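Subject: Handing over a structure, with notes on what was found

Hello,

I am passing on to you the structure below, together with some notes that you can follow with the model open beside you. Please look through the structure first and then read on.

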Amino acid sequence: MRPDKRGGVRAVLKNLLRLLAIIAAAFLLNAVILLCLGKNVGQVYETLFTGAFAGKWNFARTLRWTSPLLLTGLAAAIGFRGGVFNLGIDGQLYMGAFAAAWVGFTFTSLPGPLLILLAALAAVAAGAAWAMLAGWIKIRFGASEVVITLMLNYVAKLFTEYLVMYPFYVPGTASDSKATANIAQQAHLTPLIQGSQVTAALLISLAAVVLVYLWTRHTVSGFETRLVGSNDRFAQFSGVKVKRRQLQIMAISGGLAGLCGALEILGVHGRFVVNFTSGLGFDGITVALLSGNNPLAVPLAALFMGAMTSGSTQLEMLGGVPRSMASILMGIIIMTVTIKQLPSVRALFRRRTEAGRT
Amino acid sequence: MSYELELKNITKRFGSVVANQDVNLQIEAGEVHALVGENGAGKSTLMNILYGLLQPDEGEIFFRGERLHLKSPQDAIERGIGMVHQHFMLAPSMTVAENIAVGWPPRGKFAWKNADLARELEAFQTLFELPVPLETRIRDLSVGQMQRVEIMKSLYRGAKIIVLDEPTATLTPQETDELFRTIRRLRENGHTIIFISHRLREIMEISDRITALRSGRTVGTVRTAEVTPAEVARMMIGRDVAELKKAPLQAAETALEVSELCVAGDSRAAAVDRLSFQLRRGEILGIAGVEGNGQTELTEALIGVRPVQSGGITLFGGDVARAGVRQRMDLGLAHIPQDRMREGLALELNIMENLVVGTHDVPPIGNRGLIRWRKAAQWSRDAIGRFGIKTPDEQERAGNLSGGNMQKIIVARELSRSPRAVIACQPTRGVDIGASEYIHQQLLDIRAAGGAVLLVSADLDEILALSDRILVLFNGRASGVLDREDASEALLGRYMFGLGEEARHEA
């Protein structure tokens, strides 16, 4: 089971080193900013760290955020791998979340496992369909999927809000709760840590990571997807149906986003709430960037992002440092991730020169 | 005597691989010095050391008797060493003038002085015969024009010594002639040229002296006037060039039939214009012609990535004019594309993954939607051995290989499928003599085994060496179809410029 040592385990190790270097650099830069603000750098970072990892509850909060980031990170990474830029993960997530909630509060007489399965499937289908709409527009009309997916985010958010406020409006609730009815009790996911928001969603998400990894490495369609992502013209010249693969990768990416939405509803919220989350999709893109678009590296990157989210909550509560400090840190990390192009351009040069001697 | 430039005992290792071992190179002022050797012989490493991109582990560089320490290309440029890479380093969306001036602004003290720049460049253009419109964007230029921009860039930066890395690999014969005129003008004006090439004919034509490298060592330096092409080839590959074994023609039934085919190009209507021809099993049909006369559109239509406007394509009796790429592959069609980087390889993927494309979904490698990488690895190692691909292993990234080795991957992939018909486009462009010889023999073996080969090439030597019949394309039409016995370079040349029937009468 070692199809490609450079693409698999070895790449993950290389990525890990790169990841650590990026993060260290970002923390250093951020320290400069903190110093300028007259903050105690050591104290801030300590709070951030303890907020993420110290004690059962803090760590549970980290895992709670790691879980959805695994899926949105995977959704973004798999899209990048296949050469399509899915910036519509948030929208697909909302569509999936609503579909799951609808199943959860409609078929209340079904037994738990079946209901959960049905809700998840509905969410995957909704997310995939929403993403394929963007994919279809790209393929049919040659529009840029970056713009289309991004814009469809707004459509999805407003459309689900409309659904909540009109067709599925629950009489008797205050209209400012802006939520659907509660899902059936048996549809709630089992908590892994009692009393926390860490549920079976984490295991499902990890399973998805492994499945997607196996898919890209070991299946014909996964291989063709990587081929299309690496050089679509070559893929076309070799008889690969490029457009079909692009649509498929959109669907998979959107399906993962939809699943993420379902797990948030079934695991945490228990109903669909308008604007129940913000930024999971874009944080997913950061996770993908950090992972170098390698599914196997996604868990680490997601854990890191989850820890940052969790730690910054603590920072705000105790440290007297605004939560935006963590956002700035994330911003710096994203910049550092993109700057990684600098050394790799150099490596490219080196490669070109080495090419002559092989 | 003292040399303009001298590289002494250069040694460079990459890990356990020795790319250069005690290499010596002496360049005289004002000469055209050809640096020859097979892919991987160490030419690029040596030139990258000279250009400051790499630092030698041992050895010294002397320029006009003074020892140089080149830490970066910037150092080399300041010393008057310029380099034109095989893959151009130009920004497509910027104009010619901007590309030349970038990073090296016109010498006005404060402002960017366009007028001064233009004046300076126009002087180069007349002096060295480098016509290029200065305000045109790079993306609108031909390959030959882009190369001129690169040469001008070097000159503008004050280069006295210009290294040209396989400059003719992607040029048409006409552009090559123009380049040679420029090289001669440069030499007349006291510039020194280091010319890297695989093509014996060009080396003999343009160079004053030749230094050959083999396996990272200097084989020797000779005066071009004192050697024969065969001797140069022997210096390069360490043995005599083998004669191609071409079996007598045993053409059988028609494999590929094209009738009244019309194909649109990207920018013009009838890139292929009512073209008809037949390719029989057991024969090689050469498609000659100046590039841009419909060859690209024709091959793309034949393999199925470009729509056919009208007319028919019949492959082994079946109408495939509207069939998909894969369907045609399944009928036994293989294709060696003209642009290996863009159309023939996924550079980020490894050699094995590149080798299995097309067979990855059928047994023994594909198995009900899964890929059996163990089988693929076995198969790849076998192909690497058989086709002599130089690589540590099948897991090496394809983009890390040299041009010749990349081409071997494509040839290995396409010919290992045991195709019944092969469309080979510029199969040996930028490939060294040894590998060329090998690829040519492979094509002849396909022919001997009853396969049909369509050889599209701008290289007339290649066309004449392999073809049984030759079709000359001009403006999307056949300006002539001849048997090999009736063809000569002169006659083909005239057909290539559309001098159809009169050429035949004169011949």
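A good place to begin is a turn in chain B, where β9(B) and β10(B) form a hairpin with 2 residues between them, and where S215(B) in the turn has a positive phi of about 50°. Before going further, please keep in mind that this is a predicted model, and that everything described here was computed from it.

The two strands of that hairpin run antiparallel, and 6 bridges join β9(B) to β10(B), the latter covering residues 217-223 of chain B. If you would like one pair to look for, R209(B) stands opposite R223(B) in β10(B). Strand β9, which spans residues 209-214 of chain B, also pairs with strand β3 (residues 32-36) of chain B, and here the two strands run parallel and are joined by 4 bridges. Within this pairing, L35(B) has T211(B) in β9(B) as its bridge partner.

There is another hairpin in chain B, formed by β1(B) and β2(B), again with 2 residues between the strands, and G15(B) in its turn has a positive phi of about 60°. These two strands run antiparallel and are joined by 7 bridges, and one position to check is K12(B), which stands opposite N20(B) in β2(B). Is G15(B), which sits in the loop between β1 (5-14) and β2 (17-27) of chain B, buried or exposed? G15(B) is exposed, because 6 other C-beta atoms lie within 10 Å, and a residue counts as exposed if it has 12 or fewer. From G15(B) to A448(B) the C-alpha atoms are 43 Å apart in space, while the two residues are 433 apart in sequence.

A similar piece of reasoning applies to P392(B), which is found in the loop between α13 (373-386) and α14 (403-416) of chain B. P392(B) counts as exposed because it has 12 C-beta neighbours inside 10 Å, and the limit for an exposed residue is 12 or fewer. P392(B) lies 55 residues from P337(B) in sequence, and their C-alpha atoms are 25 Å apart in space.

Stepping back to the whole of chain B, you will find it divided into domain 1 (5-237) and domain 2 (254-346 + 420-506), with 33 Å between the centres of the two domains of chain B, taken over C-alpha atoms. Their contact takes 11 residues from domain 1 of chain B and 10 residues from domain 2 of chain B. On the domain 1 side, the elements that give two or more residues are α6 (173-188) and α8 (229-237) of chain B, and the largest share, 3 residues, comes from α8(B). By class, the residues on this side of domain 1 of chain B divide into 5 nonpolar, 4 polar and 2 charged.

Chain A is built from 14 helices and 0 strands, and of its 358 residues, 51% are buried. Among contacts in chain A between residues at least 6 apart in sequence, 77% join residues at least 24 apart. The unreviewed UniProt entry places the feature "transmembrane region" at several spans of chain A, including residues 114-134 and 247-266. In the model, residues 114-134 of chain A are 100% helix, with end C-alpha atoms 31 Å apart, and residues 247-266 of chain A are likewise 100% helix, with end C-alpha atoms 28 Å apart.

Which residues have the most contacts inside the largest nonpolar core? They are L74(A), A100(A), A119(A) and A123(A), in a core of 96 residues, and the largest share of this core, 13 residues, comes from helix α5 (residues 112-141) of chain A. Leaving aside its neighbours within four places in sequence, A123(A) is in contact with several residues, among them A97(A), A100(A), G258(A) and A262(A). Apart from this core lies another, of 84 residues, which includes I287(B), L298(B), A376(B) and A421(B).

Finally, the two chains meet, with 26 residues of chain A in contact with 44 residues of chain B. On the chain A side, the elements that give two or more residues are α8 (220-230), α9 (232-237) and α14 (341-355) of chain A, and this side has 8 nonpolar, 10 polar and 8 charged residues.

With best wishes

Key:
Residues are numbered from 1 along each chain as its sequence is written. Chains are lettered from A and ligands numbered from 1 in the order in which they are written. This is a predicted model: local features need pLDDT of at least 70, side-chain atom pairs count only at pLDDT 80 or more; totals for chains, interfaces and linings use all residues. Domain bounds come from an automatic or database domain assignment. Two residues are in contact if their C-beta atoms, placed from the backbone, lie within 7 Å. Ala, Val, Leu, Ile, Met, Phe, Trp, Tyr, Cys and Pro count as nonpolar, Asp, Glu, Lys and Arg as charged, and the others, Gly among them, as polar. A residue is buried if 20 or more other C-beta atoms lie within 10 Å of its own, exposed if 12 or fewer, and partly exposed in between; C-beta atoms are placed from the backbone. UniProt positions are given in the numbering used here, feature names are shortened, and annotations may be inferred rather than shown by experiment. A nonpolar core is a set of buried Ala, Val, Leu, Ile, Met, Phe, Trp, Tyr and Cys residues joined through C-beta atoms within 7 Å. Two strands pair if DSSP finds at least two bridges between them.
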